[in-house]
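Trainee: Could you walk me through one part of this structure up close? I'd like to take a good look at the sheet and what sits around it.

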Amino acid sequence: MLEVEQKGAIASEDRRWDSCFLTDSEASIGVYRQAIADAAEEVIRQFASQKQPYSGATPIELVAGLAGTEIGPENPQLLAEILKKVGEKAIAHSVVVTHPRCIAHLHCPPLIPALAAEVLISATNQSMDSWDQSPAATVLEQQLTNWLCSEFGYDAAADGIFTSGGTQSNFMGMLLARDRYAKQELNWSIQQQGLPPQAHQWRILCSDVAHFTIRQSCALLGLGEKAVIPVETDENYRLSPDAVRVKLAELQAQGLTAIAMVATVGTTDFGSIDPLIPLAEIAQENGLWLHVDAAYGGALVMSDRYRPQLAGIELADSITVDFHKLFYQPISCGAFLLKDKSNFDLMKLHADYLNPETNEAEGIPDLVTKSIQTTRRFDALKLWISLQTLGRATFGAMIETTIELAAAAGEMIRADSQLELATIPTLNAVVFRYSSEKKDQDNWINSQIRFTLLQGGEVVLAQTCIAEKTYLKFTLLNPRTTLADVGQILERVKQVGTQFSLSLSN
Ligand SMILES: *Cc1c(COP(=O)(O)O)cnc(C)c1O
């Protein structure tokens, strides 16, 4: 071998690419260290050090700023220079999710241990589809999934899978609900035969403020958006069990078949939590699959104080939980949990090259059989590292801080005659509006407030609509946001609101 190499006929390794890939050579390791350090410096310079939550750049300014960059140049350029350029032109115009006044969406500041985990995840590039592409990663993800199942009150019959987020998890919940019904009631395999003729009569109940991905999933699953029956909520935006019973009777009278119900733990706009125990009872009595969308509120499991609000979640057939929201993980990271793991069989497929049927007999674990993704990131690692680095108490304290801040913000708004609170906050979403004397102009004024504060780079706020009225929304995920920040933001909301209101009288 040595002899061959010395002759130069076959080199054991081609060193030309050492600056492109991370290997065991000193040259490659040096390039890698410098690249990661330079990238971190650029994040610190152009992102972490920002004094405002947004630069205020308009779409036109961003287009102009990036124009003139040759995207696919013929020859190499220095990474350090590219990082500097993209830092100035793009990273500096990010919304600063770590800023205390970036409080629009369910869009969290990511934890530092999770950022370190991302370095491991991307460098090792394990793919979670087959065991031979992710040996230890497969085992670690499975152990974390088992832990999550037990945290949510499931027993050993349960299982789950990491997903790209709530959209995918809700899709899986609706998919299994649909296929289980067909299997159980009609002995029909949708996987093999497609939808049965009866499918056009199937209905899925959820609240009228459930996430739009329930409708989206049903559309994609061939049931049509019409299959989703929105049920009215009470004054706190919770699904009312009485209203569900009325709706079920109506459906029956129309000859339609309810197959599933979705309860939400933490609605996107209001943070409201549907009453899980009475809803689970109704699901049980009527043979409905109960899916709990806890994308947002599932994080209460980390707080001793608020965890009791999840009581009954263990009765659900399936659960959606997101970690890139109140678990403070970088995008993307979510999970789908299933009370009875045998239901994963409904979507099981075998590919000879990935997960041959012989795997089971040979004791080789594979996760692809439970996933609708094939190639999949090792996102479980960042949650695993974060949970251990912070510990439960710190996680709990962060979540509790934000819930208490939202309650105090709600009080502050309620006490102010120029502001109108939509509802008492449940989690950390606060929905309110500026209220002028020109009631018919308030929709326009509130959207102008949001736009003005964004364009000035002062505050990143969200906007929503209830009964044709435009509202503003704080989603107070960041535990570093204080009541003083909220007070100052509300003052600005009122100042800008007053300006626009006066501009109308002139
Ligand atoms: C965010 C959210 C979703 C969608 O999840 P993604 O992670 O954005 O795909 C679904 N349901 C609820 C209640 C959510 O808050």
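Mentor: Here is a tour of the sheet, strand by strand, with a helix that lies across part of it. Keep in mind that this is a predicted model.

Start with the overall layout. The sheet is open and has seven strands, in the order E1-E7-E6-E5-E4-E2-E3, and the pairing is mixed. At the edges you'll find strand E1 (159-163) and strand E3 (228-231), each of which pairs on one side only. On average, neighbouring strands in this sheet are turned by 20° against each other, if you ignore direction.

Now zoom in on strand E2 (202-207). In the strand order, E2 sits between E4 and E3. On one side, four bridges join E2 to E4, and the two run parallel. You can pick out one pair there: arginine 203 has alanine 258 of E4 as its bridge partner. Turn to E3 and you again get four bridges to E2, with the strands running parallel. Look for cysteine 206 here, which stands opposite proline 230 in E3.

What about the side chains? In a regular strand, they alternate between the two faces of the sheet. Follow that along E2: Trp202, Ile204 and Cys206 point one way, while Arg203, Leu205 and Ser207 point the other way. Whichever way they point, all of these residues are buried. That's six of six residues in E2, so the strand counts as mostly covered.

Something also lies across this end of the strand order. Helix H10 (residues 241-253) lies across E2, E3 and strand E4 (257-264), and runs at about 140° to E3.

For a contrast in strand direction, hop along to E6 and E7, which are neighbours in the order. Strand E6 (residues 318-322) and strand E7 (residues 334-338) are joined by five bridges and run antiparallel. Find serine 318 and you'll see leucine 338 of E7 standing opposite.

One last stop, away from strands: serine 134, in the loop between helix H5 (112-124) and helix H6 (135-151). Serine 134 counts as buried because its relative accessibility is 0%, and the cut-off for buried is under 20%. Leaving aside neighbours within four places in sequence, serine 134 is in contact with Gln126, Ser127 and Met128.

Key:
Residues are numbered from 1 along each chain as its sequence is written. This is a predicted model: local features need pLDDT of at least 70, side-chain atom pairs count only at pLDDT 80 or more; totals for chains, interfaces and linings use all residues. Side-chain values use heavy atoms; hydrogens and water are left out. Two strands pair if DSSP finds at least two bridges between them. Axes are lines fitted to C-alpha atoms, for helices over the stretch in contact, and angles run from 0 to 180 degrees between N-to-C directions. Contact means heavy atoms within 4.5 Å. Buried means under 20% relative accessible area, exposed over 50%, partly exposed in between (1.4 Å probe, protein chains only).
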